[in-house]
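The following exchange takes up a series of structural labels and asks, for each, on what grounds it is given.

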Amino acid sequence: MSKWIKINSVADLPVKPGLQDYEHIECLIYHNGDVKLRLWNCEHLVWDDEHGDDFYCLPTEPKAYMIIDRTGLVEAMKA
């Protein structure tokens, strides 16, 4: 299960998972008092909108993020 990670500096941001170009990491972010679905853009090192095609905010603007891990969900759906 994923956990919330407080963003204190750029060192706290998600790490690119693979070697493909233009990878995104699906996350929940806590920003301006709201929890929002946003994508971490591994190439430009910014938060994109939920569709992954438009800039949303700078890296350290959200207070925290949680990576969405769909692995458990996929396994539960198979059962």
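Q: What makes the pair Lys16 and Glu23 a salt bridge?
A: A salt bridge requires a side-chain nitrogen of Lys or Arg within 4 Å of a carboxyl oxygen of Asp or Glu. In this predicted model, where local features need pLDDT of at least 70, side-chain atom pairs count only at pLDDT 80 or more, and totals for chains, interfaces and linings use all residues, the closest N and O atoms of Lys16 and Glu23 are 3.7 Å apart, so the pair meets the criterion. Residues are numbered from 1 along each chain as its sequence is written, and side-chain values use heavy atoms, with hydrogens and water left out.

Q: Why is Glu23 called buried, and why is Lys16 called partly exposed?
A: Buried means under 20% relative accessible area, exposed means over 50%, and partly exposed covers what lies in between, with a 1.4 Å probe and protein chains only. Glu23 has a relative accessible area of 11% and is therefore buried, whereas Lys16, at 30%, counts as partly exposed.

Q: How do you know that Lys16 also forms a salt bridge with Glu43, and where do the two residues lie?
A: The N to O distance between the side chains of Glu43 and Lys16 is 2.4 Å, which means that the cut-off for a salt bridge is satisfied here as well. The pair links distant parts of the chain, with Glu43 in the loop between strand 3 and strand 4 (46-48) and Lys16 in the loop between strand 1 and strand 2, 27 residues apart. Strands, like helices, are DSSP runs numbered from the N terminus (E for strands, at least two residues; H or I for helices, at least four). Glu43 has a relative accessibility of 31%, so Glu43 counts as partly exposed.

Q: What makes the pair Glu26 and Arg70 a salt bridge, and what does the pair tie together?
A: The closest N and O atoms of Glu26 and Arg70 are 2.8 Å apart, and the two residues form a salt bridge. Because Glu26 lies in strand 2 and Arg70 in the loop between strand 6 and helix 1 (71-78), the pair ties together parts that are 44 residues apart in sequence. Glu26 has a relative accessible area of 24% and is therefore partly exposed; Arg70, at 42%, likewise counts as partly exposed. Elsewhere, salt bridges that share partners join Lys16, Glu23 and Glu43 into one network. A search of the whole structure finds 4 salt bridges.

Q: Why is Arg38 called buried, and which residue shares a polar contact with Arg38?
A: Arg38, found in strand 3 (residues 34-41), has a relative accessible area of 12% and is therefore buried. The side chains of Arg38 and Glu50 are joined by a polar contact of 2.7 Å, the term being reserved for a pair of N or O atoms within 3.5 Å, where, within protein, one must be able to donate a hydrogen and the other to accept it, and where residues adjacent in sequence count only if both atoms are side-chain atoms. Leaving aside neighbours within four places in sequence, Arg38 is in contact (heavy atoms within 4.5 Å) with residues including Ile25, Trp47 and Tyr56.

Q: What makes strand 1 and strand 5 edge strands?
A: Strands pair if DSSP finds at least two bridges between them. The open sheet of 6 strands has the order 1-6-2-3-4-5 with antiparallel pairing, and strand 1 (5-6) and strand 5 (55-57) each pair on one side only. Strand 1 pairs with strand 6 (residues 64-67) over 2 bridges, so the requirement for pairing is met, and Ile5 stands opposite Tyr65 in strand 6. Strand 2 (residues 24-31) and strand 6 pair in the antiparallel sense over 4 bridges, with Leu28 opposite Met66.

Q: Why is Ile67 called partly exposed?
A: Ile67, whose place is in strand 6, has a relative accessible area of 33% and is therefore partly exposed. Not counting residues up to four places away in sequence, Ile67 touches Ser2, Ile25, Glu26 and Cys27. The C-alpha atoms of Ile67 and Ile5 are separated by 8.8 Å, the two residues being 62 apart along the chain.
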